[in-house]
Amino acid sequence: MTTYIALLRGINVSGQKMIKMVELKAMFESLGFEAVQTYIQSGNVIFQDQRFSEKELIEKIQSAILERFGFEVDVQVFDAQVWNQIVAKNPFLALENLDEAKLYVSLLATVPLSENVEKLSSFVFQEETYQLIGQAVYLYVPKGYGNAKLSNNFLENKLKVSATTRNWKTMLTLSDML
């Protein structure tokens with residue numbers, strides 16, 4: 001049995017695409033997934049399955065959300081090993097006097113094309129720093145994510161890849177829940 005984390009993009013934000021976690025958990029269980037747990041209202045689901053590939057899992061989850069809730073949602077799925085590697089590779093953890101409350105990770109649906117990575121590198125925002133490693137954009141935003149220029153939408157636009165962002169506390173909590 002493989003343990004996975006599914007991240008839903010853009011649910012329960014500003015009254016849009018509302019899904020109660022108890023209903024989301026029930027939907028995952030109806031798909032035959034085991035040991036289903038949710039964490040906070042932003043669409044984080046831990047579950048186990050041994051039948052499907054990550055691509056198949058994404059398709060099944062997206063289809064079930066559309067059928068059950070009536071709207072489309074981007075979904076990303078990471079197995080526990082990949083998730084823990086993403087957490088371990090955060091380059092900002094080596095910084096002294098780091099305020100972890102200002103750390104975020106934008107998780108990309110796929111590794112972006114090198115030409116789009118180059119375009120992103122041409123943008124520099126004072127006091128905001130990022131590093132792209134594989135499918136993760138590690139962000140350090142001292143003025144807070146709500147004011148960040150390196151927003152989820154900005155990264156998606158420049159990298160041409162679907163993304164969803166989580167704060168560092170959520171990343172660690174999900175890792176602990178695995």
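Strands here are DSSP runs of E, at least two residues long, numbered from the N terminus. The model shown in every view is predicted.

**View 1. Arg-166 sits in strand E8.**
Strand E8 covers residues 163-167 and contains Arg-166. Arg-166 is buried, yet has no salt bridge. Glu-156 is the nearest side chain of opposite charge, 9.9 Å away. A salt bridge would need a side-chain nitrogen of Arg within 4 Å of a carboxyl oxygen of Asp or Glu.

**View 2. Polar partners of Arg-166.**
The Arg-166 side chain reaches the backbone oxygen of Leu-8 at 3.0 Å. Another polar contact, 2.6 Å long, joins the side chains of Arg-166 and Thr-164.

**View 3. The wider surroundings of Arg-166.**
Neighbours within four places in sequence are left aside here. Arg-166 is then in contact with Leu-7, Leu-8, Ser-42, Gly-43 and Asn-44, as well as Tyr-104, Val-105, Leu-107 and Met-171. Leu-7 and Leu-8 fall in strand E1 (residues 2-8). Tyr-104, Val-105 and Leu-107 fall in strand E5 (residues 103-108).

**View 4. Strand E8 against strand E5.**
Four of the five residues of E8 are buried, so the strand is largely enclosed by the rest of the structure. Buried means under 20% relative accessible area. E5 and E8 run antiparallel and are joined by five bridges. Within this pairing, Leu-107 has Thr-164 of E8 as its bridge partner. Thr-164 is also the residue whose side chain makes the 2.6 Å polar contact with Arg-166.

**View 5. The sheet that holds E8.**
Four strands make an open, antiparallel sheet in the order E6-E7-E5-E8. Its edge strands are E6 (129-133) and E8, each pairing on one side only. Neighbouring strands are turned by 20 degrees against each other on average, direction ignored. Five bridges join E6 to strand E7 (residues 136-140), and these two run antiparallel. Leu-132 stands opposite Val-137 in E7. Helix H5 (residues 152-159) packs on this sheet and touches E5, E7 and E8. The direction of H5 makes about 145 degrees with that of E8.

**View 6. The sheet that holds E1.**
A further open sheet has four strands in the order E2-E3-E1-E4, with antiparallel pairing. Strands E2 (34-39) and E4 (75-79) are the edges: each pairs on one side only. The average turn between neighbouring strands is 20 degrees, direction ignored. Strand E1 (residues 2-8) and strand E3 (residues 44-49) run antiparallel and share six bridges. One of the paired positions is Ile-5, whose bridge partner in E3 is Ile-46.

**View 7. Helices on the E2-E3-E1-E4 sheet.**
Helix H1 (residues 21-30) lies across E1, E2 and E3. H1 runs at about 155 degrees to E2. Helix H3 (residues 80-88) also packs on the sheet, touching E1 and E4. The direction of H3 makes about 95 degrees with that of E4.

**View 8. Ala-94 in the loop between H3 and E5.**
Ala-94 is found in the loop that runs between H3 and E5. Ala-94 has a relative accessible area of 70%, so this residue counts as exposed. Ala-94 and Asn-167 lie 73 residues apart in sequence. In space, the two are 17 Å apart, C-alpha to C-alpha.

Methods:
Residues numbered from 1 in each chain as written. Predicted model: local features only at pLDDT ≥ 70, side-chain atom pairs only at ≥ 80, totals over all residues. Heavy atoms only, no water. Pairing = 2+ DSSP bridges. Axes fitted to C-alpha atoms, helices over the stretch in contact; angles between N-to-C directions. Contact = heavy atoms within 4.5 Å. Buried < 20%, exposed > 50% of the residue type's maximum accessible area, 1.4 Å probe, protein only. Lys, Arg positive; Asp, Glu negative; His and termini not counted. Polar contact = N/O pair within 3.5 Å; in protein donor to acceptor, adjacent residues only side chain to side chain.
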